[in-house]
Amino acid sequence: MKKNAPVNGDGKNKAELSQANDIQESEESLDDISMQEMWKKLHIQTKHINEQLLQLNNHKLVHTYNSLPRFIWFSLLKGIAVGLGSVLGATVVLSFVVYILSQMEFIPIIGEWVSAILEVVRGPEGN
(Lines give C-alpha, C1' and ligand atoms only; values in the text may rest on other atoms or scores of the structure.)
Protein backbone atom coordinates (compact mmCIF):
# COMPACT_ATOMS: atom_id res chain seq x y z
CA MET A 1 0.00 0.00 0.00
CA LYS A 2 1.32 3.43 -1.02
CA LYS A 3 1.54 6.31 1.30
CA ASN A 4 -0.13 9.41 0.02
CA ALA A 5 2.05 12.47 -0.44
CA PRO A 6 1.11 15.49 1.58
CA VAL A 7 -1.69 17.36 -0.10
CA ASN A 8 -2.24 21.11 -0.02
CA GLY A 9 -5.59 22.83 -0.10
CA ASP A 10 -6.00 22.43 -3.91
CA GLY A 11 -5.72 18.68 -3.78
CA LYS A 12 -2.21 18.62 -5.33
CA ASN A 13 0.76 17.07 -3.64
CA LYS A 14 4.14 18.78 -3.22
CA ALA A 15 5.82 16.81 -6.02
CA GLU A 16 3.21 17.86 -8.55
CA LEU A 17 3.50 21.48 -7.43
CA SER A 18 7.29 21.52 -7.67
CA GLN A 19 7.12 19.87 -11.13
CA ALA A 20 4.59 22.47 -12.31
CA ASN A 21 6.82 25.27 -10.95
CA ASP A 22 9.86 23.81 -12.77
CA ILE A 23 7.92 23.66 -16.05
CA GLN A 24 6.68 27.21 -15.63
CA GLU A 25 10.19 28.51 -14.84
CA SER A 26 11.67 26.73 -17.87
CA GLU A 27 8.94 28.20 -20.13
CA GLU A 28 9.65 31.69 -18.78
CA SER A 29 13.38 31.28 -19.38
CA LEU A 30 12.65 30.06 -22.95
CA ASP A 31 10.47 33.11 -23.50
CA ASP A 32 13.27 35.36 -22.19
CA ILE A 33 15.81 33.71 -24.49
CA SER A 34 13.55 33.97 -27.51
CA MET A 35 12.80 37.61 -26.73
CA GLN A 36 16.52 38.35 -26.38
CA GLU A 37 17.25 36.59 -29.67
CA MET A 38 14.41 38.46 -31.32
CA TRP A 39 15.79 41.80 -30.10
CA LYS A 40 19.28 40.87 -31.33
CA LYS A 41 17.92 39.98 -34.77
CA LEU A 42 15.89 43.18 -34.87
CA HIS A 43 19.00 45.18 -33.90
CA ILE A 44 21.05 43.52 -36.66
CA GLN A 45 18.34 44.16 -39.26
CA THR A 46 18.11 47.79 -38.18
CA LYS A 47 21.88 48.16 -38.60
CA HIS A 48 21.69 46.70 -42.12
CA ILE A 49 18.85 49.05 -43.08
CA ASN A 50 20.80 52.02 -41.70
CA GLU A 51 23.89 51.04 -43.72
CA GLN A 52 21.83 50.72 -46.91
CA LEU A 53 20.22 54.12 -46.34
CA LEU A 54 23.64 55.69 -45.87
CA GLN A 55 24.83 54.14 -49.14
CA LEU A 56 21.71 55.41 -50.90
CA ASN A 57 22.16 58.93 -49.54
CA ASN A 58 25.76 58.97 -50.76
CA HIS A 59 24.78 57.98 -54.31
CA LYS A 60 25.62 60.49 -57.08
CA LEU A 61 22.05 60.63 -58.38
CA VAL A 62 20.73 61.66 -54.96
CA HIS A 63 23.33 64.44 -54.80
CA THR A 64 22.30 65.51 -58.31
CA TYR A 65 18.62 65.77 -57.41
CA ASN A 66 19.38 67.59 -54.15
CA SER A 67 21.22 70.43 -55.92
CA LEU A 68 19.17 72.72 -58.19
CA PRO A 69 22.02 73.72 -60.58
CA ARG A 70 23.09 70.08 -60.95
CA PHE A 71 19.49 69.06 -61.53
CA ILE A 72 19.01 71.69 -64.25
CA TRP A 73 22.28 70.69 -65.96
CA PHE A 74 21.36 67.00 -65.76
CA SER A 75 17.88 67.67 -67.19
CA LEU A 76 19.34 69.77 -70.03
CA LEU A 77 21.79 67.01 -70.99
CA LYS A 78 19.05 64.41 -70.74
CA GLY A 79 16.79 66.47 -73.02
CA ILE A 80 19.54 66.94 -75.61
CA ALA A 81 20.28 63.21 -75.59
CA VAL A 82 16.60 62.29 -75.99
CA GLY A 83 16.11 64.81 -78.82
CA LEU A 84 19.24 63.72 -80.68
CA GLY A 85 18.35 60.06 -80.25
CA SER A 86 14.83 60.64 -81.54
CA VAL A 87 16.05 62.50 -84.64
CA LEU A 88 18.73 59.93 -85.45
CA GLY A 89 16.34 57.04 -84.85
CA ALA A 90 13.64 58.58 -87.06
CA THR A 91 16.23 59.22 -89.80
CA VAL A 92 17.39 55.62 -89.81
CA VAL A 93 13.86 54.19 -89.77
CA LEU A 94 12.60 56.60 -92.46
CA SER A 95 15.56 55.90 -94.76
CA PHE A 96 14.97 52.17 -94.34
CA VAL A 97 11.26 52.58 -95.16
CA VAL A 98 12.05 54.71 -98.24
CA TYR A 99 14.57 52.11 -99.44
CA ILE A 100 12.02 49.30 -99.02
CA LEU A 101 9.38 51.35 -100.85
CA SER A 102 11.78 52.10 -103.72
CA GLN A 103 12.15 48.39 -104.24
CA MET A 104 8.37 47.96 -104.54
CA GLU A 105 7.81 50.05 -107.68
CA PHE A 106 6.98 46.99 -109.73
CA ILE A 107 3.74 46.27 -107.78
CA PRO A 108 0.90 47.76 -109.91
CA ILE A 109 -1.29 49.60 -107.37
CA ILE A 110 1.29 50.30 -104.69
CA GLY A 111 3.97 51.17 -107.30
CA GLU A 112 2.24 54.38 -108.38
CA TRP A 113 1.73 55.44 -104.80
CA VAL A 114 5.36 54.66 -103.95
CA SER A 115 6.57 56.59 -107.02
CA ALA A 116 4.63 59.66 -105.83
CA ILE A 117 6.16 59.37 -102.35
CA LEU A 118 9.66 58.96 -103.80
CA GLU A 119 9.23 62.08 -105.95
CA VAL A 120 8.28 64.09 -102.86
CA VAL A 121 11.19 62.67 -100.87
CA ARG A 122 13.77 63.24 -103.61
CA GLY A 123 12.61 66.80 -104.11
CA PRO A 124 13.19 69.07 -107.12
CA GLU A 125 16.83 67.94 -107.64
CA GLY A 126 15.78 64.38 -108.41
CA ASN A 127 13.56 65.41 -111.35
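How much area does the protein chain expose, and what share of it do carbon and sulfur atoms supply? The protein chain exposes about 11500 Å², of which carbon and sulfur atoms supply 64%, with accessible areas taken from the Shrake-Rupley method with a 1.4 Å probe and, for residues, only the protein chains shown counting as cover. This is a predicted model, in which local features need pLDDT of at least 70 and side-chain atom pairs count only at pLDDT 80 or more, while totals for chains, interfaces and linings use all residues. Residues are numbered from 1 along each chain as its sequence is written, and side-chain values use heavy atoms, with hydrogens and water left out.

The protein chain holds 4 helices and 0 strands, where helices (H or I, at least four residues) and strands (E, at least two) are DSSP runs numbered from the N terminus. Buried residues, those under 20% relative accessible area, make up 6% of the 127 residues.

Confidence is expressed as pLDDT, the predictor's value for each residue from 0 to 100; its mean over the protein chain is 78, and 72% of the residues reach 70 or more. Among the elements, helix α4 (residues 108-122) has the lowest mean pLDDT, 76, and α3 the highest, 90.

On the surface, Leu-61, Tyr-65, Leu-68, Phe-71, Ile-72 and Phe-74 make a nonpolar patch of about 560 Å². Helices α2 (60-66) and α3 (68-102) each supply at least two residues of the nonpolar patch, and the largest share, 4 residues, comes from α3.

Terms used
Patches are made of residues with over 30% relative accessible area and no salt bridge: like charges are joined within 9 Å, nonpolar side chains (Val, Leu, Ile, Met, Phe, Trp, Tyr) within 5 Å. A salt bridge is a side-chain nitrogen of Lys or Arg within 4 Å of a carboxyl oxygen of Asp or Glu. Buried means under 20% relative accessible area, exposed over 50%, partly exposed in between (1.4 Å probe, protein chains only).
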